Amino acid sequence: MRTRFRLLLCGLALVAMLTVFGTWILFRPRSVPLVMFSVSRYSETIDPNRLVAEDRDRLRDSFAGDSNLQMVDVTVDSQPDWRVSLDEVLNRLRPGGPGQGKLFPENNVVLLYVNAHGVVNQQGQPCLLMSDSHPLNDSTWLPLRALMKRVERQETLAAAHKVLILESGKIRQNWSLGILDNLFCDALQEDFARQPPSGWHVINATRSGQQAQVSQELGGSVFSYFVAQGLRGAADLDDNRRVSLLELDQYLEQQVYAWTTRYCGAAQKPCLISSQAIEVDLTYVSTYASPVVEPREVSDSRVETVNRIWSQFSRIDYQRTLRRVPKVVAQVQRRLGRLEDLLVSGGAYENEFDA
């Protein structure tokens with residue numbers, strides 16, 4: 001009798017353990033994948049993507065060892081065909097999420113952070129400039145829809161909530177590109193309104209008529225700094241240990257606008273563009289720590305180099321030289337301007353600066 005009773009207890013204990021284990025497997029939070037897709041290598045006629053390497057490093061360091069969110073970097077500049085690298089990453093991805101007591105919906109989120117110049121082609125489509133994009137040939141630009149369709153092709157991601165975080169507003173004007181006023185944000189909103197893509201939610205770094213700001217004091221773009229803060233837990237506005245899409249949008253709108261108006265002298269306010277007005281929990285919060293701010297200091301030797309070359313240029317007989325070789329003078333001025341841009345564009349451009 002005692003033996004049967006013990007066996008019964010052992011059986012009940014085993015069933016309870018299996019039940020608990022099965023419940024944990026089904027309901028447990030899973031790490032949310034954050035795919036980092038950034039472009040830095042551009043031709044001389046295209047503005048540098050300022051502090052892009054610093055933004056990538058900040059996001060990687062912010063979530064290093066974090067079980068809530070795992071960043072995966074897609075090699076774009078050094079890859080002969082970035083599509084191969086992206087497909088390999090996407091094929092390995094599994095959506096994640098905070099759980100919160102339901103079987104699948106909140107474990108079904110993937111984040112895609114794109115840091116590349118955004119432009120509008122002749123058809124009015126929002127596009128990204130890639131390393132191999134010709135500035136005056138829009139057939140070489142990457143329509144944003146093409147990137148989104150590439151993500152949707154992966155079976156594991158097709159039904160997921162796909163959150164596209166866009167840092168694509170650093171070019172406001174560029175006459176060499178024929179851009180008098182960059183309407184990327186307007187084209188993005190019109191494109192979504194015309195044909196809403198199912199399952200996609202976009203947080204764009206800027207609104208119409210604005211430019212994405214970078215900060216040497218923050219060591220990167222203002223937008224990326226607060227994205228890292230928000231996803232780590234600062235955007236948990238209702239203290240429920242989860243960061244939702246609407247909370248992140250509200251947090252970014254308040255913080256980025258406050259910082260840029262106070263310290264950059266230009267207003268920037270991110271905006272949410274969503275095909276579905278629903279609440280989506282992006283990640284859970286276990287422990288929150290603000291990202292370490294590492295102000296970027298420009299090398300004194302590089303500053304002296306730029307000043308020295310400008311000083312040498314100023315000593316020439318400008319009017320006489322301009323009459324004799326106007327094309328050369330224009331080329332030198334353009335390259336000196338490029339040199340000044342590279343000086344404050346971060347580690348991704350140090351080799352180009354030295355060359």
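**View 1. Pairing of M36 with D73 in strand 2.** M36 has D73 of strand 2 as its bridge partner, and strand 1 (residues 32-38) is joined to strand 2 by 6 bridges, the two running parallel. Strands (E, at least two residues) and helices (H or I, at least four) are DSSP runs numbered from the N terminus, and two strands pair if DSSP finds at least two bridges between them. The model is predicted, with local features requiring pLDDT of at least 70 and side-chain atom pairs counting only at pLDDT 80 or more, whereas totals for chains, interfaces and linings use all residues. Residues are numbered from 1 along each chain as its sequence is written, and side-chain values use heavy atoms, with hydrogens and water left out.

**View 2. The open, mixed sheet of 6 strands.** The strand order is 2-1-3-7-8-12. Strand 2 (69-74) and strand 12 (271-274) stand at the edges with a single partner strand each, so one side of each is left without a neighbour in the sheet.

**View 3. Helix 7 across the sheet strands.** Helix 7 (residues 222-234) lies across strand 2, strand 3 (109-115), strand 7 and strand 8, and runs at about 150° to strand 7; such angles run from 0 to 180 degrees between N-to-C directions, the axes being lines fitted to C-alpha atoms, for helices over the stretch in contact.

**View 4. Surroundings of V114.** Not counting residues up to four places away in sequence, V114 touches F37, L128, L147, L164, I165, L166, E167 and S168, where contact means heavy atoms within 4.5 Å.
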